[in-house]
Amino acid sequence: MKLFIDTANITEIKEMAEAGVIDGVTTNPSLVAKEGHQFHKLIAEICAIVNGPVSAEVMALNTADMVTEAHKLAKIHANVVIKIPMTMDGLRAVRILTSEEIATNVTLVFSPNQALLAAKAGAKFVSPFVGRIDDCGGDGMDLVTQIMDIYDNYAFDTEVIVASVRHPLHVVQAALIGADIATLPYAILKKMPDHPLTDIGITRFLSDWEGGRKNG
Ligand code: G3P
């Protein structure tokens with residue numbers, strides 16, 4: 001399973017890249033706006049840190065402008081993946097970009113039919129937003145299961161990025177379903193190595209070691 005980090009913060013990306021736990025990065029307009037840096041420079045900086053797919057989202061809503069924006073973003077680095085919102089204009093843009101061998105990530109996916117269309121248009125990645133579905137009283141992981149089943153039934157190559165992850169259990173659920181990728185906020189990646197029994201175990205080993213040294 002691949003893990004991406006869902007952030008545009010350079011410090012967070014560097015920390016997780018140094019630990020060797022991330023295979024790529026996803027950004028979105030909200031995350032980029034929070035950093036207050038020039039968009040294209042920020043994406044270039046991220047690509048210099050992580051040797052894997054880096055999703056950068058277009059802001060245009062019509063196909064022609066999406067494709068123009070995508071061409072500029074794709075020139076930044078070979079690892080840039082163009083994030084395209086799930087609309088009919090977006091699907092047309094995906095088809096054009098796929099024919100030009102530019103990788104796309106169809107985002108804001110909330111239904112199996114949307115994911116089916118994204119795969120048919122040729123998207124390299126599709127991003128179901130599990131947390132936002134849970135926030136509305138639905139079950140985001142059910143959607144991931146359905147998408148994985150549909151893609152398996154027809155051998156679609158599109159990879160599923162579980163996005164809008166809210167807690168470490170979402171990561172376990174995504175892994176058990178067999179999702180290709182989960183993209184995780186920094187705060188969740190930080191929580192994953194923690195377990196109280198690990199801390200207790202370390203403390204006990206240290207005190208036993210010190211006790212043994214005093215005696216011996
Ligand atoms: O980057 C897309 C997605 O992960 C956003 O998550 O927490 O804003 O629903 P969230």
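Visitor: What takes up the largest pocket?
Guide: This is a predicted model, where local features need pLDDT of at least 70, side-chain atom pairs count only at pLDDT 80 or more, and totals for chains, interfaces and linings use all residues. Residues are numbered from 1 along each chain as its sequence is written, and side-chain values use heavy atoms, without hydrogens and water. The largest pocket (an open set of 1 Å grid points over the protein atoms alone, where a 1.4 Å probe fits, with protein on both sides within 12 Å along at least five of seven lines) is the space taken by the ligand.

Visitor: How many residues around the ligand are charged?
Guide: The shell (a heavy atom within 4 Å) consists of D6, N28, K83, F129, R132, A163, S164 and R166. Asp, Glu, Lys and Arg count as charged. Two residues are nonpolar, two are polar, and the charged ones number four.

Visitor: How much of the ligand's exposed area does the protein bury?
Guide: Polar side-chain atoms of D6 and R132 each lie 2.6 Å from a ligand oxygen, and S164 has one at 2.7 Å. Alone, the ligand exposes 310 Å² (1.4 Å probe), and the protein buries 81%.

Visitor: Which residue pairs with F129 as an aromatic pair?
Guide: The structure has four aromatic pairs (ring centres within 6.5 Å). At 5.7 Å and 70° between planes, this one is edge-to-face (over 60 degrees). The partner of F129 is F110.

Terms used: Polar contact = N/O pair within 3.5 Å; in protein donor to acceptor, adjacent residues only side chain to side chain. 1 Å grid on protein atoms, 1.4 Å probe; cavity = no way out; pocket = protein on both sides within 12 Å on 5 of 7 lines; lining within 4 Å. Sits in = over half its atoms within 2 Å of the grid points. Phe/Tyr/Trp six-rings, centres within 6.5 Å; stacked < 30°, edge-to-face > 60°.
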